[in-house]
Each structure stands twice: as structure tokens, then as C-alpha cells.
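The following exercises concern surface patches and overall architecture. Please work through each task with the structure in view before reading its solution.

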Amino acid sequence: MKRVALALLALLMALAASAAAEGEITSKAQLDRPGVRIGVGTGSAAMLMVEQELPNAELVYLEAGEGFEAVALGKIDAYVYDRRQMELAIESGRRGVHLLDEDMEGVVPIAAGISPASKIPDLEQSVNAFIAQIKADGTLDDMYRRWVTDGDLTMPDIDMPSDPRLHLVVGTTGIVPPFSYYVGDALSGYDIEMAYRFAAYINADVTFKVYDYGSIIIAAATGDVDLILANLNVTPERAEVLTFSDPFYELPVAIMVKGDPKPDAASDGGKSLDRLNGARIGIQTGTSYTDTVLERLPDAQISYFNTYTDMVAALETYKIDAFPGDEPVMKMMVAEDDRLELLEEPLESVDMGFVLPKSETGEKLQGELNEWIAAMKADGRMDALFEKWVDGPESGKTMPDYEALPAPNGTLRFATEAAYAPMNYLRDGKIVGLEVEMAALFCEAYGYGMTVQAMNFDGLLPAVKSGKADFVAASIAITEERAESVNFSDPYFNAGTVLAVLKGGEGAAATEKAADETGALGGVADSFQKTFVREGRWQLFARGVVTTLVITLLSILFGTLLGFAVFMLCRNGNPIANGVTRFSMWLVQGMPMVVLLMILYYIIFGSVAISGIAVAVVGFTLTFGAAVFGLLKMGVGAVDGGQYEAAYALGYSNRRTFFRIILPQALPHVLSAYRGEVVGLIKATAIVGYIAVQDLTKMGDIVRSRTYEAFFPLIAVTVIYFLLEGLIGFMVSRFTININPRRRKPEDILKGVKTDDQD
């Protein structure tokens with residue numbers, strides 16, 4: 001109990017210290033108090049400075065570069081490091097942090113570390129003579145200007161000796177741009193250029209070894225490397241185990257804290273598109289934005305996401321710096337989430353159209369759609385539609401009843417993403433939006449009925465090509481590459497592509513203040529209301545649960561029957577049956593489940609009018625059946641072979657022996673594993689959204705796309721999955737108890753067996 005009390009006391013003290021550290025940090029003096037956590041590099045000059053200037057703070061030891069993320073996520077209150085590297089991190093797109101105006105006292109000399117155990121003769125004198133020479137001829141200043149000041153990250157050509165007389169081993173870190181970092185699989189940077197120049201100076205070839213900062217000093221001390229070139233701080237402790245060269249330059253040490261800097265009134269507040277060159281940009285999978293982004297921002301780092309909501313979450317947790325989207329959708333997103341804002345400068349302007357198959361029917365629909373679009377534009381009805389959905393209030397966004405359209409010319413299958421207002425989204429359990437109403441009005445004008453299905457964006461074009469949908473619209477840009485495989489209607493809309501970024505300055509401060517005023521419980525209540533209550537969204541989750549249960553239960557039933565039937569065919573060693581089974585199991589089990597589902601949906605059943613739910617049941621039946629086959633084979637194999645001989649001696653046939661003797665003994669070996677396969681199947685069904693099935697996970701994504709809540713709908717989906725796993729696991733447990741041979745009555749076990757030998 002005493003240990004528990006001490007642990008609780010320590011926890012309370014940590015919480016109190018954490019609370020004391022909260023609040024905006026605007027000066028260095030605020031950091032010198034208990035509970036404030038300051039990140040520093042182990043053994044660095046920054047560590048010594050903090051120990052001397054801020055003795056009351058708690059030190060947190062980090063590797064180079066880790067401090068940026070730790071500050072942004074609030075894991076530490078400040079990070080002390082050299083100013084220029086932190087400025088470069090912010091300039092390259094690091095969000096959620098800024099530097100204090102005050103630096104730490106003094107500057108840090110940067111030099112080469114020289115191993116006392118190096119076998120290269122007079123290495124210290126050679127290094128210092130080299131530094132003196134490149135200082136005198138201006139090379140050192142030119143290197144610093146190119147790599148550090150101007151950001152010209154280009155390694156120059158350096159003539160290396162063709163017949164080197166020495167071999168130089170240089171230790172570096174590879175994680176500290178622009179001094180030492182990787183470009184592809186090759187090291188580059190200021191220190192790497194320095195190493196090559198020095199190797200040429202002493203007529204040596206050079207090999208690099210990469211370490212973290214904690215190990216690189218030991219490597220030099222033991223002679224594993226001859227020289228350290230890694231933006232190395234000169235400190236008294238390090239000087240005890242290795243020799244330092246004359247300094248290359250001196251760096252001020254700055255303090256990074258959480259929070260975006262307030263925009264300069266004389267600037268654009270960081271909203272210039274050019275400032276995002278080199279930043280991390282999120283792209284939705286399947287869209288055409290990658291080429292556009294790289295054309296305008298050639299140094300951007302691209303990351304791919306399934307939905308806009310995933311990109312919002314990534315943006316707000318500083319994993320990306322911006323993401324593009326169509327202006328109407330992005331405006332609605334920003335209106336819902338006041339943490340975001342749009343850059344005024346667009347990336348490009350794109351035409352959007354309906355997508356149709358390259359077939360005779362598709363070309364007929366293309367002509368009708370083009371005719372209808374022209375008429376809608378001519379009489380102003382198209383402009384009225386856009387005004388209603390893009391600029392009008394939600395109460396005025398009415399929809400025709402497309403489910404009740406007369407169908408004298410047949411029914412068309414329309415597919416969309418159903419995830420992004422105002423173009424296509426779910427409201428009160430029904431797919432609505434500008435593009436949905438356009439499709440309905442077209443069908444009404446040309447005598448078609450219409451069904452609407454929602455699917456992931458990257459599944460829309462395959463749905464058209466495979467005949468799963470007759471026409472598609474989801475803010476799809478008309479591109480030459482896409483036009484090679486599908487037909488497009490004439491454009492119905494020309495939209496600007498804009499970038500969403502996090503608000504900075506007063507906007508972010510206001511958001512944090514509002515969040516503080518709301519409180520944790522208020523935030524949860526608000527999230528619950530938006531996720532479940534508003535627009536009756538609980539019904540979406542209910543529908544998703546039903547779909548998930550249908551797929552799961554049918555797959556368990558059919559998969560169990562399939563696995564058992566195949567085992568019965570193979571159990572006596574039929575070579576054909578066993579060969580086919582081995583090949584089928586290799587094929588099914590070796591293929592990622594999502595790939596199997598898409599092959600079934602778009603290729604094998606591509607020309608068949610079959611629902612995504614049926615395809616999902618087929619796919620999971622195959623995989624579950626393979627698992628059941630393997631379990632039966634393992635369980636039966638665990639039964640001693642003498643059981644067969646004993647049964648045959650009693651006059652049992654092979655079939656009766658299996659069902660009355662072998663199978664009851666085999667089942668206990670596999671029942672727990674069978675239950676595990678069932679639970680795994682429930683979780684595996686989360687991928688069926690790829691084939692236009694609105695299961696629980698897909699419904700969660702749809703709700704997230706409306707609420708722009710990054711995490712609450714995911715937590716809700718997780719809780720529901722836990723409940724489903726518990727429910728189905730309980731049902732399977734009851735079933736396994738009932739078939740457990742240890743619970744069978746003796747007369748049932750001995751049925752058919754003569755127990756009286758007196759005759």
C-alpha cells in the first residue's frame with residue numbers, strides 16, 4: 001500500500017507540474033520553473049546552457065530532429081537547439097511551433113571531432129591546415145552561404161584522388177539537414193561536402209559511417225572513425241575523449257515552443273502558395289491532384305490518404321502541412337472546422353464532368369447528358385442549382401425523390417462518393433448533393449429510373465469500366481489520362497483547386513481558447529451530438545452494424561460448411577481433390593483480402609448484377625472456409641491413429657468412425673482457434689467499403705466526412721466493433737459448449753455400441 005500511495009503522490013505531482021507548465025510561453029524566463037520540460041540533445045552544448053541558465057526546468061533528452069515533433073505535440077514545453085536548423089525546419093513547412101525572440105546566452109562553436117585513436121598520421125594538424133586554407137580562399141564562407149543561408153542543396157562535383165594513399169572514415173548522423181542528410185540513399189550536405197574536400201586535400205578516399213549523436217563520440221574515441229563531421233558542438237565533456245579542430249563557424253542557440261507565430265502584418269501571414277514548396281502535402285488516393293501539386297510545388301513531399309477527413313486529422317496533428325481540394329467542397333469544410341483556412345491563390349482550375357463507360361450504351365448516355373447539360377446552362381437552371389447547393393442554406397437544399405422516378409426507358413445505376421458536401425453526401429440517411437440532384441434531373445428528363453450507390457473515390461472509375469455503374473459523378477476532373485479508359489460528358493462545372501492549411505496566429509489562439517472554455521466533457525458531448533444525434537446519424541451506424549453482421553454471420557455459416565465439405569473430400573487422400581484444394585488455399589490465403597474482394601467485384605463478377613454484400617460474403621466465405629479446412633486438418637491429425645483401428649475392430653464403417661469417434665475428439669483441439677478466426681473475420685470486414693458496401697467502418701467514414709471530427713466517430717466505431725466481437729464470440733462459445741463431447745450424455749456417446757456381451 002505504501003508503494004501505491006507513493007506512486008499516486010508522484011502522479012499527482014507530475015499532473016500539478018504539467019498544469020504549471022501550461023499556457024502560452026512568450027519568454028525565456030517562463031521556462032525556469034519546476035514542471036517545465038525542455039528537450040535537449042544528450043551531451044550537447046544546448047544541454048549545458050539549459051543546466052546553467054534554466055536550472056529549475058526538467059531536461060528531456062532527445063535525438064536530433066525529435067524535438068520539433070515533441071514540441072508540436074505538447075510532449076515537451078520547449079526545445080533548445082541551434083537557431084538556423086530550427087528556422088529551416090519552420091521554413092520547410094513545420095507547423096505548430098515557433099521560435100522565441102530570445103536566444104540562449106553565448107554561441108556554440110561547430111568543429112570537426114578528431115579521433116585520438118586514428119591511424120592517419122598528423123590528422124589534427126592536417127584538419128586545421130585544411131580549415132585555414134578554405135577560410136583564406138573563401139571556400140568555407142561559400143559553403144555556408146550555399147548550404148545554410150541560401151538553401152542551395154546541391155552537392156558540387158569534387159575531384160577525388162585517382163590513386164589515394166590514405167583511407168579516411170568519417171562519422172556522421174545523416175538526420176540533420178542541411179548539414180548531413182540523405183538524398184535517396186546517398187549522403188549530402190555541408191558536412192558531407194567538407195568530408196570530400198578534406199579527403200581530396202590529404203589524398204584519401206572516404207567512407208561514411210552513420211551513428212546517432214550518443215554513439216558517434218564513442219566511435220571516435222575507440223577509433224571506429226577517424227573524423228566526426230556532423231554539425232558537432234564543441235563541449236568540455238566531449239573534449240575529454242576526443243580532440244576538436246579549429247571551429248568552422250559559430251551558431252546561436254534558440255528556443256522552440258508550441259504555437260504558430262502570429263503573422264506579420266506586412267506579409268501574407270504565410271499564406272503564399274510558394275511558401276509550401278518543400279512542404280508535406282496530403283493527396284486523396286485516386287484524385288488527379290498529384291501532378292498539379294508537383295507542377296506548382298516541385299519540391300513538395302506527397303502523402304496519400306483515403307478521405308478528406310483523414311487529411312484534416314493529419315493536418316491538425318502536424319503530419320502534413322496542407323491538402324488540396326475543389327473549392328466548393330473546401331469552403332464547406334472550412335465552414336464546419338474553424339481550425340482550417342484556405343489559401344487565396346488557387347493551384348489550378350479544372351473542368352468536371354460525368355464519367356461513362358466506353359461502350360455503345362455509354363456513348364448514347366454521353367450524347368444525352370451533353371444535350372441536357374447544354375440546355376441547363378442555356379436557360380440558367382444550372383446556375384440556379386449551383387447557387388442553391390454551394391451558397392444557399394441547408395434548409396433550402398431540397399432533392400427530388402429519385403427513388404420514385406418513372407422508368408419507361410430503364411433504370412440507370414449512378415455511383416458517387418457520398419462523402420463531401422455540397423457535391424455528394426449523406427443527409428438523414430439518404431445520399432443528396434448537387435451532383436446527385438443533377439443526375440436525378442437528367443434521369444427524370446430522359447425517362448430513366450435511378451438507383452444511387454456510394455463507394456470509395458478510387459473505386460468509382462473501376463465501377464464504370466466494369467459495368468457496375470452506368471454513370472458516375474464525384475467532382476471528377478476531366479483529364480487526358482482518364483479519358484483513355486472512360487468517356488466524359490461535357491463539363492458541368494469549372495472549379496478552382498485550393499489548398500487547406502491550419503490557421504495561424506490569432507485564429508489558432510481563438511480556437512484553443514474556445515476549446516478551453518468548452519472543456520473536456522463539453523467537447524465530448526458536442527462530438528457525441530454531431531456524431532449520433534444530428535441528422536439522425538445514429539441510423540447510419542445502425543445500418544452499418546446490420547450490414548457488418550449480415551456479412552459476418554453468412555460468411556461464418558457458409559465458410560464453415562465449405563471448409564467441412566472440402567475436408568471431407570480430401571480426408572481419405574484423394575489426389576485430385578487434395579491438389580485442387582492446396583492450390584486454391586495457396587491462392588486465397590496468399591492474396592491480400594482487399595485485393596481478393598476487388599478482383600471478385602470488378603473482374604470475376606464484373607458483368608454480373610450482384611451486390612457488393614454478396615461479393616463480400618463470397619470472398620470471406622472462401623477465406624474462412626480455408627481457415628476451417630486447416631483447423632479440421634490440424635484437429636483430426638491430433639487424434640491417435642489407433643482410434644481408427646479400434647473402431648474398425650468394433651465393426652464401424654469409415655464414415656461412422658469419423659463422425660462418431662474421430663471428429664468428437666478432434667473438435668476440442670480447434671474450438672478456441674475457431675473462435676479466434678470468427679473474431680478476426682469481424683474485424684476483416686472493415687475493408688468492404690472498397691466494393692461499395694456501406695458497412696460499419698464505411699458509415700463511420702461517411703459521418704466523419706460530415707462532422708469533420710477526426711477521432712470521435714473512429715472511437716465510436718471501435719467501441720461498436722468491441723461489442724460485436726463480444727456478442728458473436730459469446731454466441732460461438734455457447735455453440736462450442738453444446739458440441740463439446742465432454743458435455744454429451746454417456747448414452748449418446750455409446751449409441752450403436754453393444755455394451756452387453758452375454759449373448
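**Exercise 1.** Which helices each supply at least two residues of the negative patch?

*Solution.* The model is a predicted one. Begin with the members of the patch: Asp 291, Glu 295, Glu 480, Glu 481 and Glu 484 gather on the surface as a patch of negative charge. Next, assign them to elements: helix H10 (289-296) and helix H17 (480-483) each contribute at least two residues.

**Exercise 2.** Determine whether Glu 480 is buried or exposed.

*Solution.* First locate the residue: Glu 480 lies in helix H17. Then compare its relative accessible area, 72%, with the cut-off for exposed residues, over 50%. Glu 480 is therefore exposed.

**Exercise 3.** Identify the helix that gives the most to the nonpolar patch, and classify the accessibility of Leu 557.

*Solution.* The patch covers about 560 Å² and is made by Val 546, Val 550, Leu 554, Leu 557, Phe 558, Leu 561 and Ile 613. Helix H19 (residues 538-570) gives the most, with six residues. Leu 557 is placed in helix H19. Its relative accessibility is 45%, and the partly exposed class lies between 20% and 50%, so Leu 557 counts as partly exposed.

**Exercise 4.** Describe the protein as a whole.

*Solution.* Start with secondary structure: there are 27 helices and 26 strands. Turn next to burial: 49% of the 759 residues count as buried. The exposed area is about 35600 Å², of which carbon and sulfur atoms supply 56%. Finally, consider contacts between residues at least 6 apart in sequence: 74% of them join residues at least 24 apart.

Key. Residues are numbered from 1 along each chain as its sequence is written. This is a predicted model: local features need pLDDT of at least 70, side-chain atom pairs count only at pLDDT 80 or more; totals for chains, interfaces and linings use all residues. Side-chain values use heavy atoms; hydrogens and water are left out. Patches are made of residues with over 30% relative accessible area and no salt bridge: like charges are joined within 9 Å, nonpolar side chains (Val, Leu, Ile, Met, Phe, Trp, Tyr) within 5 Å. Accessible areas come from the Shrake-Rupley method with a 1.4 Å probe; for residues, only the protein chains shown count as cover. A salt bridge is a side-chain nitrogen of Lys or Arg within 4 Å of a carboxyl oxygen of Asp or Glu. Lys and Arg count as positive and Asp and Glu as negative; His and the chain ends are not counted. The place of a charge is taken as NZ of Lys, CZ of Arg, CG of Asp or CD of Glu. Helices (H or I, at least four residues) and strands (E, at least two) are DSSP runs, numbered from the N terminus. Buried means under 20% relative accessible area, exposed over 50%, partly exposed in between (1.4 Å probe, protein chains only). Contact means heavy atoms within 4.5 Å.
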